[in-house]
Amino acid sequence: MFDSVHIEIREFRGRLLGVDPKARDARLVIGTVLGSFGMTLGALQGSGRYKKISMPRHLIMYLLRLYTRMSFPQIGRPLGSRDHSTVISGCRKIMAFRHDSEESRALSEICLLLERAGLVPDLGRLPPRKKVKGIPVYR
């Protein structure tokens, strides 16, 4: 399933030479996730709240924040003009995945594909974890 996405990445990269690196990387991330989940861009930009649509959308938000220098409002624009707070919420939902879940394994495989394509993650750009009421945040 993911081998065909890797081939598309090389072709995708080749077609986008001469484009702003931030935009090229964003298209690479969006194309990789859409290809691995078999979705269309229209479904991604729509208002659907089903898990099979919203989970890949949140995954793209997280990966765009991790692999590009885009701000939260910039990430929301190509995803159906989402608000910056929606993007922050989507990133936090992905960060809350259990490590042994199926979604977490899909995230790991997509990250591996993106790193093979030359993208480098910047872990310092993720939003802080949300504080849970009643649980101290001391370390």
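## A guided tour of an all-α chain

Begin by selecting Arg65 and Phe72: Arg65 lies over the face of Phe72, 4.0 Å from the ring centre. A charge counts as sitting over a ring if NZ of Lys or CZ of Arg is within 6 Å of the ring centre and within 35 degrees of the ring normal. By contrast, a search for aromatic pairs returns zero in this structure; such a pair would need rings of Phe, Tyr or Trp (its six-membered ring) with centres within 6.5 Å.

The model is predicted, with local features requiring pLDDT of at least 70, side-chain atom pairs pLDDT 80 or more, and totals for chains, interfaces and linings using all residues. Residues are numbered from 1 along each chain as its sequence is written, and side-chain values use heavy atoms, leaving out hydrogens and water.

Next, display the whole chain as a cartoon. Seven helices and zero strands appear, where helices (H or I, at least four residues) and strands (E, at least two) are DSSP runs numbered from the N terminus. Of the 139 residues, 42% count as buried, that is, under 20% relative accessible area, with exposed meaning over 50% and partly exposed in between (1.4 Å probe, protein chains only). The chain exposes about 8700 Å², of which carbon and sulfur atoms supply 54%; these areas come from the Shrake-Rupley method with a 1.4 Å probe. Among contacts (heavy atoms within 4.5 Å) with a separation of 6 or more, residues 24 or more positions apart account for 67%.

Now select helix α4, residues 51-67. Its 17 residues reach 23 Å from first C-alpha to last, close to the 24 Å expected at 1.5 Å a residue; the expected span is 1.5 Å times one less than the number of residues. Helix α4 is mostly covered, with 15 of its 17 residues buried.

Move on to Ser81, in the loop between α5 and α6 (84-95). Although Ser81 is not a glycine, its phi is positive, at about 55 degrees. Ser81 counts as exposed, at 62% relative accessibility.

Finally, colour by pLDDT, the predictor's confidence in each residue from 0 to 100. The chain mean is 80, and 77% of the residues reach 70 or more. Among the elements, helix α5 (residues 72-76) has the highest mean, 94, and helix α1 (residues 3-15) the lowest, 45. Over residues 1-19 the pLDDT is below 50, and this stretch has 27 contacts beyond near neighbours in sequence in the model. Residues 135-139 also stay under 50, with one contact beyond four places in sequence.

Notes. Rings of Phe, Tyr and Trp (its six-membered ring) pair if their centres lie within 6.5 Å; planes under 30 degrees apart count as stacked, over 60 as edge-to-face and the rest as tilted.
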